[in-house]
Amino acid sequence: MQTPAPVDYVRATSVENAISLLEQHGEDARLLAGGHSLLPMMKLRLARPEILVDLQGLSELRGIKVDGGDLVIGAMTTHAEILDSPILSEHYAIFREAEKVIADPVVRNKGTMGGSMCQADPSEDLSAVGAALKGTVVIQGSGGKRTVEIRNFHEGPYETKVKDGEILTEVRFPIRPGAGSAYEKVERRVGDWPVCSAGAYVVVSGGTVTDCGIGLTAVGASHFCAPDAEAYLIGKPPTEANLAEAARLAAESCDPTSDQRGPADYKKHLAQELTLRALRRAAAASQGA
Amino acid sequence: MTAVDDAPLSAAGNPIGFGSMKRVEDQRFVRGQGNYVDDVNLPGMLHSAILRSPYAHARITSIDTSAAEALPGVRAVITGKTLEGIARPSLLGDNFAWMPTLSYDTQAVLATDKVRFQGQEVAYVIADSRYIAKDALELIVVDYDPLEPVMDAKRALDPDAPIIRDDKGFTDNRVVDVHGQTSWESGNAESTAAAFARAEADPDCVVVTQEILYPRVHPAPMETCGSVAYLDKVTGQLTLYTTSQAPHAHRTVYAMVAGLPEQKIRVISPDIGGGFGNKVPVYPGYVLSIIGTIVTGKPVKWMEDRSENLMSTGFARDYHMTAKVAATKEGKILAVDVDVLADHGAFNGVAQPTNFPAGFFNIFSGSYDYPDAHCKVDPVYTNKAPGGVAYACSFRITEAAYVIERLVDCLAQELQMDPAELRLKNLLRPEQFPYMSPTGWEYDSGEYEKTMRVAMEIAGYDELRREQAEKRARGEYMGIGISFFTEGVGAGPRRTMDILGLGMADGIELRIHPTGKGVLRLSVQSQGQGHETTFAQIVSHELGIPPEDIEVVHGDTDQTPFGLGTYGSRSTPVSGAAASVVARKIRDKARLIAAAALECSPDDLEWELGRWYVKGDKERGKTIQEIALLSHGSLELPEGVEGHLDATAVYNPPNLTYPYGCYICVVDVDPGTGQVKIRRFIAVDDCGTRINPMIVEGQVHGGLADGVGMALMELIAFDTDGNNLGGSFMDYLLPTAIECPDWELGETVTPSPHHPIGAKGVGESATVGSPAAVVNAVIDAISPFGVRHADMPLTPANVWRAIQGRNVRTDMAVE
Ligand SMILES: Cc1cc2nc3c(=O)[nH]c(=O)nc-3n(C[C@H](O)[C@H](O)[C@H](O)COP(=O)(O)OP(=O)(O)OC[C@H]3O[C@@H](n4cnc5c(N)ncnc54)[C@H](O)[C@@H]3O)c2cc1C
């Protein structure tokens, strides 16, 4: 049994209460969402907060809805809820495809949207999904709410724009009629973190790509996205050659490191291969739809 | 031999004898009511934790335990220095800092001079709770002077390599065995060399050489290792609850290590959550819990966590092999030679019979008929965890089966011959049994071709090859891999096999109570094999008593006779035979009692299941239950016949048993990503008589999953700094149901001629046989890219690199 260092625990009663608890305890406090990233780190004593502020009871942070032209996912919505959401599937296949390959059912039943974004692991799958779809996050503090683009949210590995005393409350994604989307992941075994994942949405209109987004994770893509590849595709027909060139550009913008999941050159190869596969299916879905 | 389906059913619906029945022990396991070591909580019990080395190789310059000792709730902090101060009245050294391994080496209980692998035991804290013990570990300050670690077996023999075992005064990193040997050879070197020379010179022959690595893996049982020790100062009795596959052997080792009188030691292995060989060795943690109870006078629990288990306990494999085969161009194998560099880690803690320092690796000549074979194994120390052999490998037959089955496929590729055809050309023929192998093993029985044909039939082999050809033409990469393996299990004849001088015969005891119900006491220790069920069935088969009327007692040295425990698939071949023999003794005695009761001569009696009756007068007879009551009653017994219906036996196997099988694996490989999907897996096992076919199938299922794991993902790799890169289940990947196809099982039954019920061990067959089938299938799939070999684990990255023509050292950190 792995044992964490001594820690206190408090259950937040509201978002405001959570914020005031965070302010009260400063650096020593840590928010607890699903706990599937934080608790393992605490058990290995890599993280040792003195007090955990548990968001589990805050139903206002949970749920999936359409708000105007946006899909909105509450911070405490679980992977499992995202996987099973008909609303999300109706607009973007990428959610279901990504969630199917994130961790395993046990982790998905607990792990959350907000926790995934705020953990900011360089291999987080939902970061690639969020970057591909050009979503935004809503961050709340005692001073009120602010909105940050996901492509501007990560400050680096395990670091985000969420400051001490702040909570990420929801994540928003613009609905794009006619978009097709897809997610591709290579893992060493089911439930493992990705060796590389790539996700994309493509809107094909009148035979050309009018809009697209590409997200990549685990391969050192800056802000989990590939803007050069996207720019290249816009205005071009989604031919195999064009998609392949975009995939090549996407891989070019990656800077993976070697680890036990694979050597850097393999990961770079995967970035290209998986981007191409995701683009192909997204473009086909857009045209088929 | 009773055919399995013929057994009559008991009132409870169980077969009286052999046949599938649900496992008795699962009643408690599926309800969460098992009783594991960590469930043992004694009054006043303290907890403990071990501080482990972050370095693979470093000199310890100082240890300061004062802050840890000052933490409230801490009862004692013990270091190597403390242990050096505890005198030990034993032949094995004069203090407790070092202990013997199962291979006559010594291993530090707590490091004194140096640490020699990452995760090595450095200090021990005993405290009121597990949490306090772990908190205290952080307060111990150890100063290390780091040394260059030797992480690659190939580096170990460099003249300038750092010496790991300077404690023994060694001047190089060669392992020296108890006979003073540093290299282990088997087979005929001269005739094998001559055969290769002839083949090299003959244009009608080929020689194929291949370097093959079986990387370091870990058994990773669900339950980690642990113990609860209690020395009762009043009675002087030491009770040790422990995760042991071999409680009796452990008791004797503790008597030697601790210098405690053996009659005062009671070792209890309660339910064990998987062993796979991991729970054969004696670990420093067990010894420390004993020291803990001696020091504090209270019961002390030690239970390692997952990372400790993966980083410090018995690993398996780590064999670097160079294999070559000579054959005619028609595909007749002439000779095989294998050179092995064996990585034994920092202490030679290998668990195997003394005369077999490389385990049974020298059975590598496999299932084929050729006259010349030779191998040489060079064992070395490295700065990795000690152990070895473990992981369901039948004493390194896993490595042996893998190397020969991989080599045969390399040969098939060289000859452009179908690997099935090549195997069929070379398999041993039924009339050759008993067969003396070129390295000295006497295979007891086998009908190899028949088994192979059954597997090919289930697989639809020819159809698969047709499908493969069509797919290849379309640019799809499907592969078919075959493995045909032979194991030698059931160690073993005491004349040649012992561990630490303890002969490998097993005791057993059977008592039939007056009401005809029995208690069978075993020395072997189930870790999931279902002994409580199978052994009752063996007695049931011999005596006709329903299996539910036989209670199987095991896992407590005070309650069971001596024997060497469960590993190397030895339970059924050795203790299973003992169960049959002891039941037959009871049957013979029952005959005398029945004769007395029926007032006839024993010679006039005939046995049918559960009953002695008078020849020619079937009505006149006595059931075993009636005889049991008579034996305890007032019936006048003949001269020399004692009352009651009890017997004991010690079974000394005349030979090993030789289970075998043919496995066929079908994979699809995505060359764009390197991902492997196992589509089908066909396993046809011949383990002789099947006592409980359902349990046999369960054993095979588990072993196949193990094989998939090793072939595709399991690995304990190290970086050059000495860091263990497989120290958690995020890093050490075990296969899940998703990676496992629906196993397609088949069987042939060729009974062992020398085992009383014809059974052969099956606990490790699938682990031994399956990795080669998976790897052969993957290589077959990507052979159009010119790939002949790639080392395990075949992760997507490794498969992709093989396709690129870049074979890499898979056991080192990925670069
Ligand atoms: C075995 C396993 C496999 C996994 N595999 C994958 C995988 O393949 N792909 C993948 O993407 N992920 C994977 N994960 C991670 C999983 O998705 C986690 O659940 C997720 O990363 C964190 O979500 P959580 O709700 O558990 O967060 P927690 O662990 O509770 O929190 C993570 C961090 O976020 C902070 N935090 C949480 N919520 C908020 C909030 N609302 N506002 C501000 N800060 C907050 C916490 O303080 C903490 O620092 C895996 C995890 C495990 C255990």
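**Close-ups: a domain interface in chain A and a ring pair in chain B**

**View 1. Polar contacts between domain 1 and domain 2 of chain A.** Two residue pairs make polar contact between domain 1 of chain A and domain 2 of chain A, both at pLDDT 80 or more. Keep in mind that this is a predicted model. Looking for salt bridges across this interface? The rule finds zero of them between domain 1 and domain 2 of chain A. On the domain 1 side that touches domain 2, helix α1 (residues 15-25) of chain A chips in the largest share, six residues. By type, that side of domain 1 splits into seven nonpolar, four polar and three charged residues.

**View 2. How domain 1 and domain 2 of chain A sit against each other.** For orientation, chain A is cut into domain 1 (8-54), domain 2 (59-174) and domain 3 (179-284). The C-alpha centres of domain 1 and domain 2 of chain A are 19 Å apart. In contact here are 14 residues of domain 1 and 18 residues of domain 2 of chain A. Together the two domains of chain A bury about 1200 Å², with 67% of that on carbon and sulfur atoms. Within domain 1, the residues losing the most area to domain 2 are A:V15, A:I19 and A:H36, which together make up 40% of what that side buries.

**View 3. An aromatic pair in chain B.** Over all chains, the structure holds 29 aromatic pairs. The ring centres of B:Y448 and B:Y660 lie 4.5 Å apart with planes at 55°, so this pair counts as tilted. The two tyrosines are 212 residues apart and link distant parts of the chain: B:Y448 belongs to helix α12 (residues 448-459) and B:Y660 to strand β32 (residues 660-670) of chain B.

Methods:
Residues numbered from 1 in each chain as written. Chains lettered and ligands numbered in written order. Predicted model: local features only at pLDDT ≥ 70, side-chain atom pairs only at ≥ 80, totals over all residues. Heavy atoms only, no water. Domains from an automatic or database assignment. Contact = heavy atoms within 4.5 Å. Buried area = accessible area lost by both parts, 1.4 Å probe. Salt bridge = Lys/Arg side-chain N within 4 Å of Asp/Glu carboxyl O. Polar contact = N/O pair within 3.5 Å; in protein donor to acceptor, adjacent residues only side chain to side chain. Helix = DSSP H or I, 4+ residues; strand = E, 2+ residues; numbered from the N terminus. Nonpolar A, V, L, I, M, F, W, Y, C, P; charged D, E, K, R; others polar. Phe/Tyr/Trp six-rings, centres within 6.5 Å; stacked < 30°, edge-to-face > 60°.
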